[in-house]
Amino acid sequence: MMNNTIPDVDYYAALADLLFPFAKSGADIEAVYPPRGLPDGAYVTRLGPSPTGFVHLGNLFMATVNRRLAVQSGGVFFLRIEDTDRKREVDGAVESLLSSLAYFGVGFAEGAAADGEKGDYGPYRQSERREIYHAFVRGLVASGLAYPCFLSEDQITAIRAEQEARKELPGIYGKYAEWRDADIALIGEYLAKEMPFVIRLNADACTVQGSGETVTIIDGIRGEITFPRNILDVVILKQDGLPTYHFAHTIDDHLMRTTHVVRGEEWLSSLPIHIALFEALDFTPPTYCHTALLMKVDDGVKRKLSKRLDPELSLSYYIAEGYHPKAVEEYLLTILNSNYEEWRLSNPGADNTEFTLTTEKMGASGILVDLDKLRDVSRDTLAGITAKELADFMIDWVSRERPDALPVLTKDRAILEAALDIGRSGEKPRKDLEYAAQIFEHISYFFDEYFQIKDPLPEHVGAEDARTLLEGYHGVYDQSDGREIWFGKIRALAEENGYAARPKDYKKNPELYKGHVGDVSAVIRLALTGRLEAPDIWEIQQILGEVRTRGRLRAFERV
RNA sequence: GGCCCUAUGGUCAAGCGGUCAAGACGUAGCCCUCUCACGGCUGAAUCUCGGGUUCGAUUCCCGGUAGGGUCACCA
């Protein structure tokens with residue numbers, strides 16, 4: 001059934017006409033997307049997510065690198081929606097992607113947007129670029145570099161089974177590529193019968209004369225990488241007429257004038273295909289930068305983050321927990337460039353855009369996402385944010401995640417800000433604020449609605465003693481006392497009740513005392529905050545006000 | 001299994017032929033201290049294994065081993 005004569009130029013031209021009678025030429029398309037008039041050294045980068053509805057930390061990671069690389073070089077960062085798989089597409093996915101990224105401060109000056117798109121290199125949704133792809137596929141067919149393949153799913157499965165049995169490389173290539181240079185009459189016949197087909201790259205026809213068996217490219221992160229040339233007749237156009245990732249990537253990044261493709265390491269293995277495609281189309285490939293993968297430890301095994309298995313690593317997790325966008329950005333930068341942390345240490349207050357990200361400084365081995373580290377970075381970051389801003393941030397979070405608590409939190413803005421600002425000024429500011437959910441719990445005792453006694457009495461204080469101490473404290477308490485006078489009273493109170501006025505005295509002669517001032521203040525702290533661990537009592541009283549302070553002291557005495 | 005990537009403490013890592021092998025997180029202890037947090041100090045903890053090259057390898061080369069990725073009409 002196959003034609004054994006070597007096809008000629010006429011054959012390929014005829015085939016192209018047969019397959020794509022109405023397609024434009026590559027040159028027509030090319031004319032619409034001229035090179036960008038950017039200065040030398042400007043990076044054009046992109047984010048190319050598929051709209052599956054799941055927005056991953058990896059998406060943010062990728063967005064952060066690409067965006068910074070573009071922005072810091074005076075280039076362009078754009079968003080392209082890779083929606084060539086209609087089966088996986090989810091309604092509203094683009095919107096949720098955009099809003100999740102926006103939460104973390106990532107926006108796009110060019111590309112797909114919630115309401116259409118912006119920029120001169122569109123369309124920015126691959127599903128809308130059909131004509132463009134077809135024009136170039138036609139060109140490939142016309143030069144004998146691609147061909148229609150009518151192999152059915154069953155046939156392909158059978159071929160694979162045979163290959164597996166023979167321990168051969170699976171796939172359509174070489175002698176298995178039955179439809180390479182097939183009889184044009186037969187193709188016409190199948191076409192007339194509307195048999196489904198795909199367009200495959202003719203890998204053998206692509207091999208550049210005299211270039212050898214391997215290809216070497218310089219990766220922006222990894223340096224030189226050598227691999228065998230692609231021999232697979234990969235599908236470039238699917239049955240539904242949409243391109244596969246490989247082909248769409250080649251066409252789009254060429255036409256959109258992408259200079260640097262920064263993507264995850266999982267793409268490294270398809271690089272031979274992409275290089276083959278760029279060569280076949282006679283395009284100059286971009287600089288590839290393959291980043292390390294974000295990993296997770298599962299049962300002691302390190303593995304790639306997976307959408308399926310790790311819902312807690314979706315962006316929505318961080319948004320729901322209320323991690324501050326700046327904190328997450330700081331964290332990502334620390335894992336992105338090993339010298340970032342050092343830079344941050346010597347430039348504590350500087351805007352992180354002053355730091356220049358380099359692909360050379362990016363690691364090539366898998367990164368374990370470390371929430372401990374994130375929280376630490378977060379504490380530092382939040383310490384540098386004003387209470388006013390934090391209050392806005394908390395209100396925003398509460399209205400999203402805890403709407404029931406919104407009235408409580410917004411009732412008295414001054415209290416909210418004061419609560420968030422405790423101990424944050426001075427030489428050694430507190431750093432105990434991590435993320436909204438934690439902060440909410442942390443300051444909850446300032447709100448009567450959420451105030452409750454959570455901890456037991458301290459070890460050295462019995463119930464009777466507690467009552468006596470609180471009564472005594474209530475008697476001497478004066479809201480207008482300064483911190484020194486106030487604490488003097490606590491010391492006196494401790495002494496009167498058999499507790500050491502100074503912890504050191506107690507440590508020296510524990511048998512002489514019931515405990516020490518710490519125990520006395522612990523009781524007061526417990527009455528006022530419901531917990532044994534809280535910031536300075538005096539400050540808390542200032543914020544609570546005299547009425548509520550007395551109220552809580554009395555309430556506790558009754559318990 | 002083929003191909004590719006990776007390999008310094010539990011984690012992120014500096015190092016780019018000669019170092020007592022940085023730093024950060026975490027962890028242990030101490031100090032400061034009314035608790036907590038902050039801060040300070042101290043400690044434990046790392047070059048995957050063999051071969052080369054070299055006067056000298058954590059560093060360069062080769063191999064093993066381990067981990068990871070990928071082998072779709074998914075991206």
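For this tour, a residue counts as near a strand if its C-beta atom, placed from the backbone, lies within 6 Å of it. Keep in mind that you're looking at a predicted model.

**Stop one: around the RNA.** Select RNA strand B and bring up its neighbours: 64 residues surround it. Start with the closest, which are Glu82, Gly363, Ser365, Gly518 and Ser521. Color by class and you'll find 24 nonpolar, 17 polar and 23 charged residues on this surface. Which helix gives the most to the surface near RNA strand B? Click on helix 22, which supplies 5 residues. Other elements that give two or more include strand 8 (223-228), helix 12 (325-336) and helix 14 (371-383).

**Stop two: the nonpolar cores.** Next, select Leu60, Leu332, Met394, Val520 and Val523. In the largest nonpolar core, with its 88 residues, these five touch the most other members. Zoom in on Leu60: leaving out residues up to four places away in sequence, Leu60 touches Leu101, Phe104, Leu315 and Leu332. Apart from that core lies another, of 41 residues; to find it, try Leu140, Cys149, Leu201 and Ala280, which are among its members.

**Stop three: an open sheet.** Now switch to cartoon view and pick out strands 1 to 4, which form an open sheet in the order 1-2-3-4 with mixed pairing. At the edges sit strand 1 (44-47) and strand 4 (116-118), each pairing on one side only. From one strand to the next, the twist averages 20°. Strand 3 (110-113) runs antiparallel to strand 4, paired over 3 bridges, and Gly111 stands opposite Lys118 there. Finally, select helix 3 (57-72): this helix lies across strands 1 and 2, at about 160° to strand 1.

Conventions:
Residues numbered from 1 in each chain as written. Chains lettered and ligands numbered in written order. Predicted model: local features only at pLDDT ≥ 70, side-chain atom pairs only at ≥ 80, totals over all residues. Helix = DSSP H or I, 4+ residues; strand = E, 2+ residues; numbered from the N terminus. Nonpolar A, V, L, I, M, F, W, Y, C, P; charged D, E, K, R; others polar. Core = buried A, V, L, I, M, F, W, Y, C linked by C-beta atoms within 7 Å. Buried ≥ 20, exposed ≤ 12 C-beta atoms within 10 Å, placed from the backbone. Contact = placed C-beta atoms within 7 Å. Pairing = 2+ DSSP bridges. Axes fitted to C-alpha atoms, helices over the stretch in contact; angles between N-to-C directions.
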